Amino acid sequence: SHVSQTFRIIAIDTPELWANVSNLQGKAELDVYLQRSKQAGLGIHLLIDDPKFKFREANISAVEVPRDFMNAILPHAHRWVGFEFKTGKWINFFMASVPKNMTALCRNLELPRLQSLSLSYPSPRYFGDEGLGLTELDQSELELTKDFRFYETWNTPNLKHLSTTWHIPKATPGTRSLQSISINLGSTTYYHNWDARPFMTL
């Protein structure tokens, strides 16, 4: 399909149109978004463990943090205005490496522009024998979920909104500026596909 040359020029030169990035993008596309977004505030969407993927059929034992994506966005951490971390329900695959890797990769980030943080973790009912039947607080006390708190070392002086699913956040210096908080410990619906993102393709 084609768009008018004028519209294309305006779109390419409007940084805000390119300011939402996700690990579901390919490297070439991600590089284009990071370049065209210039100094606009970035919305980061880190979506791990796609619910439609059949891990057992593929004989995969763990879900990995997308390091190429993280390596691309971390140099732009000063531009982050929103960070969404979302998982599916495959807790055993997730727990094998993702939380510890996130803790190692994202320790002590300086995020002066971050205003919104959204964290969605698997429901406790998907834990294996080690955590089956335990509340989120019980799991935390047993250190089953200690690395879920990778964000607690972040410096977020302008954080306004925090929302979590199956996770109880603690008061930290980074939460002092909060204006709203939402905690969901109810039932969780796992869709067959991740939400579509309105990415530009000019």
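# A guided tour of a predicted protein chain

Eight aromatic pairs are counted in this predicted model, a pair being two rings of Phe, Tyr or Trp (its six-membered ring) with centres within 6.5 Å. The tour starts with one of them.

**Stop 1: the aromatic rings**

Select Phe 83 and Trp 154. Their rings are 5.2 Å apart, centre to centre, with 85 degrees between the planes, and the pair is edge-to-face. Planes over 60 degrees apart count as edge-to-face, under 30 as stacked, and the rest as tilted. A pair of aromatic rings is described by the distance of the centres and the angle of the planes.

Phe 83 belongs to strand β3 (residues 80-87) and Trp 154 to the loop between α6 (136-141) and β5 (161-165), so this pair ties together parts that are 71 residues apart in sequence. Helices (H or I, at least four residues) and strands (E, at least two) are DSSP runs, numbered from the N terminus. Are Phe 83 and Trp 154 buried or exposed? Both are buried, where buried means under 20% relative accessible area, exposed over 50%, and partly exposed in between (1.4 Å probe, protein chains only).

Now add Trp 80, Phe 85, Tyr 121, Phe 150 and Tyr 151 to the selection; with Phe 83 and Trp 154 they form one aromatic cluster.

**How to read the model**

Because this is a predicted model, local features need pLDDT of at least 70 and side-chain atom pairs count only at pLDDT 80 or more, while totals for chains, interfaces and linings use all residues. Residues are numbered from 1 along each chain as its sequence is written, and side-chain values use heavy atoms, with hydrogens and water left out.

**Stop 2: helix α2**

Colour the chain by secondary structure. There are six helices and six strands, in the order α-β-α-β-α-β-α-α-β-α-β-β along the sequence.

Select helix α2 and show its side chains. Which residues of α2 are buried? They are Leu 30, Tyr 33, Leu 34 and Arg 36. The cover over these buried residues includes α1, β1, β2 and α3 (67-73).

Stay with Arg 36 and add Trp 18. The charged end of Arg 36 sits over the ring of Trp 18, 4.8 Å from the ring centre. The rule for this asks that NZ of Lys or CZ of Arg be within 6 Å of the ring centre and within 35 degrees of the ring normal.

**Stop 3: the salt bridges**

How many salt bridges does the structure hold? There are three, each being a side-chain nitrogen of Lys or Arg within 4 Å of a carboxyl oxygen of Asp or Glu. Side chains of opposite charge can pair when their charged atoms come close.

Start in α2 with Lys 27 and Asp 31, whose side chains meet in a salt bridge of 2.9 Å, N to O. These two residues are four apart in helix α2, separated by about one helical turn. Lys 27 is exposed at 62% relative accessibility, whereas Asp 31 is partly exposed at 33%.

Next select Asp 13 and Lys 38. Their closest N and O atoms are 3.0 Å apart in a salt bridge. Asp 13 is in the loop between α1 (5-12) and β1 (20-22), and Lys 38 is in the loop between α2 (27-36) and β2 (42-48), so the pair ties together parts that are 25 residues apart in sequence. Lys 38 is partly exposed at 42%, and takes a positive phi of about 50 degrees just after α2.

Then go to Glu 152 and Arg 149, which form a salt bridge at 3.2 Å, N to O. Glu 152 is partly exposed at 26%, but Arg 149 is buried at 11%.

**Stop 4: Gln 39**

Select Gln 39, in the loop between α2 and β2. This residue is exposed, with a relative accessible area of 55%. Leaving out residues up to four places away in sequence, Gln 39 touches His 78, Arg 79 and Arg 113; a contact means heavy atoms within 4.5 Å. Measure across to His 76 as well: the C-alpha atoms of Gln 39 and His 76 are 9.0 Å apart, with the two positions 37 residues apart in sequence numbering.

**Stop 5: the whole chain**

Finally, show the entire chain. Of its 202 residues, 45% are buried. Among contacts between residues at least 6 apart in sequence, 71% join residues at least 24 apart. The chain exposes about 11,100 Å², and carbon and sulfur atoms supply 51% of that area, computed by the Shrake-Rupley method with a 1.4 Å probe, where for residues only the protein chains shown count as cover.
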